[in-house]
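Please look through the structure below with attention to its charged side chains, and to the way they are placed relative to the secondary structure. The paragraphs that follow take up one chain in particular.

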Amino acid sequence: MAYQMAMESDKVMAQAIESAEFPHLAQRYSVTVVPKTIINEQVAVEGTVPETALAEEMRHAAGF
Amino acid sequence: MIFSDDQRREITELLQETLEQQVTIVYFTQDEPSIDLPVQVEITPCEYCEETRQMLKELTELSDKLDLEVYDFVRDKDKAEQYGITDVPAMALLGEKDYGIRYYGIPSGYEFSALLDAIVHVSRRRTTLTEDTKRVLDDLEEDVDIKVFVTPT
């Protein structure tokens, strides 16, 4: 879903990160449940995020 | 060999049925330590880099619509910076341009299916997002960085 957002907009970058291989990152973002989605280092959502919810969180994070 | 014969057959069929345009996987690996060590020590700077490279090599050989470029995180530092790569193993999925799609780690188990899914979307150059979502994306005023932490099953 995040990848599709990145495809649709030049302003969006989407990175999937395998938690077990990058424990320092998982720790930094307090990842205890996967998937965990972090938007602009500000908003965190645990579990699978449906499209409308992700779009809404992105709207908040991008400041309007 | 990473994939079994059955898996290769299945993946080949899937790719044949679903891929439309060219997809390039730009893969970053590391085989030498990042620092000069005072003594000769056997160090593997990246545990899964070679296995991931092998997996991607085998995958991209299954379709002429898939290309693989391999760079070293240390030796090809300028490329790593160009793609904003901060760790290895890492890959960027490109269509006719860089969409900003990255994957960090070895895509195993369920994550491999997710990778194939991403490749197919990029190859088709279209998403299945709703018009509402596209409107939100059009209205974005700032860059958005989405990180999704996953784990193989």
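With which residue does Glu58(B) form a salt bridge, and how far apart are the closest N and O atoms? In this model, which is predicted, the partner of Glu58(B) is Arg8(B), and the closest N and O atoms of the pair are 3.3 Å apart. Glu58(B) belongs to helix 2 of chain B, residues 49–60, while Arg8(B) belongs to helix 1, residues 5–18, so the salt bridge ties together parts of the chain that are 50 residues apart in sequence. Both of these residues are buried. Over all chains, the count of salt bridges comes to 18.

To place this pair, it helps to consider chain B as a whole. The chain has five helices and five strands, and along the sequence these elements follow the pattern α-β-α-β-α-β-β-α-α-β. The C-alpha trace of chain B spans about 60 × 45 × 30 Å along its principal axes, and of the 153 residues in the chain, 46% count as buried. When contacts in chain B between residues at least 6 apart in sequence are considered, 71% of them join residues at least 24 apart. The chain exposes about 8400 Å², of which carbon and sulfur atoms supply 44%.

Helix 2 of chain B also holds a salt bridge between Glu50(B) and Arg53(B), whose side chains meet at a distance of 2.8 Å from N to O. Because Glu50(B) and Arg53(B) are three residues apart in this helix, about one helical turn separates them. Are these two residues buried or partly exposed? Glu50(B) has a relative accessibility of 45% and therefore counts as partly exposed, and Arg53(B), at 23%, also counts as partly exposed, since the range for that class begins where the buried class, under 20%, ends.

A further salt bridge in chain B joins Lys147(B) and Asp145(B), with the closest N and O atoms 3.0 Å apart. Lys147(B) has a relative accessible area of 12% and is therefore buried, and Asp145(B), with a relative accessible area of 17%, is buried as well. This pair is part of a network in which salt bridges that share partners join Glu41(A), Asp145(B) and Lys147(B), and the network thus includes residues of chain A and chain B.

Charges without such partners deserve a separate look. Chain B carries 16 positive and 35 negative charges, and the mean positions of the two sets are 5 Å apart. On the surface, Glu8(A), Asp138(B), Asp139(B), Glu141(B), Glu142(B) and Asp143(B) gather in a patch of negative charge. Where in chain B does Asp139(B) lie? Its place is in the loop between helix 5, residues 131–138, and strand 5, residues 144–150, and at 46% relative accessibility Asp139(B) counts as partly exposed.

The loop between helix 5 and strand 5 of chain B also contains Leu140(B), which is buried, with a relative accessible area of 4%. The C-alpha atom of Leu140(B) is separated by 35 Å from that of Thr52(B), a residue 88 positions away along the chain.

Conventions
Residues are numbered from 1 along each chain as its sequence is written. Chains are lettered from A and ligands numbered from 1 in the order in which they are written. This is a predicted model: local features need pLDDT of at least 70, side-chain atom pairs count only at pLDDT 80 or more; totals for chains, interfaces and linings use all residues. Side-chain values use heavy atoms; hydrogens and water are left out. Patches are made of residues with over 30% relative accessible area and no salt bridge: like charges are joined within 9 Å, nonpolar side chains (Val, Leu, Ile, Met, Phe, Trp, Tyr) within 5 Å. Accessible areas come from the Shrake-Rupley method with a 1.4 Å probe; for residues, only the protein chains shown count as cover. A salt bridge is a side-chain nitrogen of Lys or Arg within 4 Å of a carboxyl oxygen of Asp or Glu. Lys and Arg count as positive and Asp and Glu as negative; His and the chain ends are not counted. The place of a charge is taken as NZ of Lys, CZ of Arg, CG of Asp or CD of Glu. Helices (H or I, at least four residues) and strands (E, at least two) are DSSP runs, numbered from the N terminus. Buried means under 20% relative accessible area, exposed over 50%, partly exposed in between (1.4 Å probe, protein chains only). Contact means heavy atoms within 4.5 Å.
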